[in-house]
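Here's a quick tour of a protein model, written for someone who likes the cut-offs spelled out. Have a look at the structure first, then read on.

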Amino acid sequence: MEITPFLPFKLLRHSGRVVSMLAGEPTFPVSVEIDLSNVCNHGCPWCSFNGFRQENWVTLPGARALTLLDELKECGVESVTFTGGGEPLVHQQAADIFQHAAELGLSFGVVTNGRRLEGRVVDVLAAHATFVRVSLDAGSAQSHQMLHATATPEYERILKHMAALKAKGGARLTLGASMCVFDVNRHEIPEAAARVKATGANYLEVRPVFPTEWRGGGFGNPLSADMVESAQASLAEAKDTHDGDGFRVIGMIHRFDQVLDQTKPYGRCHIGPITTVINADGHIYHCCIQRGMKDFRAGSVLNTPFREVWMNQQQRDMQASIDVTKCPPCRYDGYNQLIEQAYLRDGMHASFL
């Protein structure tokens, strides 16, 4: 069995919180995503949050980001992922914020497009981050520039940034890249794996792109069944060729399955009390998929302590109102399925080893 950072079974390591949550007891999240900024230096036309970001072109105030980390630590949050939203490294105080998370004893990771992996931020990430994942999405400079809509080619520069970060961070830092698969890049997975492996990184994570039309976005180019099949063949080739020497290609096969079958194998969304998102606009959103959507928004932490917002009635009402049949394919599908089948139905026969 391949163990990766993307397996929903890691939820079993936090059974205490899951059981408390299912019992209706007040439960604070294990992990929190923080969007330091809705500003982005890339223009990916397929980004799920394009419309929301354009209407909320804001950055989380640096001073509030620091005190927010204090509050999360006091509430028992174990980890923070700095992501987007926009690009976290455009925040002018990003290095200070990462350093403060480390000083508090919070585990943290960063998801970035890699362009600004330079300067002091590299030193802090190399010394303290659990992981850094670069959204690369291509096996060639041409595809990268097209998919990320950059004014000039940045692919080679980003790969150099990755190599420099890994050289400085060494074995203690997990460095990876992600690749969203489109019709135009599905044959580039082996080349992307080769280029990422050459930087010294630990993995390339491969998953399909999904349309954004359901939330008012302008991207509606889903993969056909034939494209999914060819992507999976390309993925298999990449694994056969490049797995090894401390590197692996991690194919999110269940996400490819979701392209063809979007049926939810569970009755409700349970994951909200265990992990959540705080956007640069200050609001808590139920999940990363629904960031920016008003029906999935709780109160704001800009001027109110996290604990107070997390425990308010608006937060509980929002979580209770979610109809999963109206949700798109989701990274939390596996978590929700695990909660219902392993905890609520004991489908694993947990008392028997």
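## The second largest pocket

The lining of the second largest pocket splits into 8 nonpolar, 7 polar and 3 charged residues; Ala, Val, Leu, Ile, Met, Phe, Trp, Tyr, Cys and Pro count as nonpolar, Asp, Glu, Lys and Arg as charged, and the others, Gly among them, as polar. This is a predicted model, where local features need pLDDT of at least 70, side-chain atom pairs count only at pLDDT 80 or more, and totals for chains, interfaces and linings use all residues. Residues are numbered from 1 along each chain as its sequence is written, and side-chain values use heavy atoms, with hydrogens and water left out.

That pocket has about 430 Å³ of space and 18 lining residues, with Met21, Glu25, Pro273, Arg316 and Gln319 nearest its centre. Two elements, α1 and α12 (313-320), each give two or more residues to the lining, and α12 provides the largest share with 4 residues. (Helices are DSSP runs of H or I with at least four residues, strands are runs of E with at least two, and both are numbered from the N terminus.)

## One cavity

Rolling a probe the size of a water molecule over the atoms shows where empty space is left. On a 1 Å grid over the protein atoms alone, a cavity is a set of points where a 1.4 Å probe fits but cannot get out, while a pocket is an open set with protein on both sides within 12 Å along at least five of seven lines; lining residues have an atom within 4 Å of a point. Points are joined across faces, edges and corners, and a volume is the space filled by probe spheres set on them.

By that recipe there is 1 cavity of 30 Å³ or more. The largest cavity holds about 90 Å³, and Cys269, Cys287, Gln290, Cys327 and Cys330 lie nearest its centre among 14 lining residues. The lining breaks down into 10 nonpolar, 3 polar and 1 charged.

## Two helix pairs

How do α9 (residues 225-242) and α10 (residues 253-260) cross? Their axes come within 10 Å, at roughly 170° (axes are lines fitted to C-alpha atoms, for helices over the stretch in contact, with angles from 0 to 180 degrees between N-to-C directions). So α9 is roughly antiparallel to α10; the bins are under 35 degrees for roughly parallel, over 145 for roughly antiparallel, 65 to 115 for roughly perpendicular, and oblique for the rest. Ala225, Val228, Ala231, Gln232 and Leu235 of α9 touch Ile253, Phe256, Asp257, Val259 and Leu260 of α10, where contact means heavy atoms within 4.5 Å. By class, that's 8 nonpolar, 1 polar and 1 charged.

Next up, α1 (residues 15-22) and α13 (residues 333-344) have axes that come within 12 Å and cross at roughly 85°, which means α1 is roughly perpendicular to α13. Here Ser15, Val18, Val19, Met21 and Leu22 of α1 meet Ile339, Tyr343 and Leu344 of α13, giving 7 nonpolar, 1 polar and no charged residues.

## Salt bridges and backbone oddities

The count is 18 salt bridges, each a side-chain nitrogen of Lys or Arg within 4 Å of a carboxyl oxygen of Asp or Glu. One of them joins Arg291 and Asp35 at 2.9 Å, N to O. Arg291 sits in the loop between β9 (283-285) and β10 (297-300), and Asp35 in strand β1 (residues 31-35), 256 residues apart.

Most residues other than glycine have a negative phi, and most peptide bonds are trans. Still, a cis peptide bond links Gly84 and Gly85, with omega about 15°; Gly85 is in the loop between β2 (79-83) and α4 (94-104). Ala149 has a positive phi, near 50°, and lies in the loop between α6 (141-148) and α7 (155-169).
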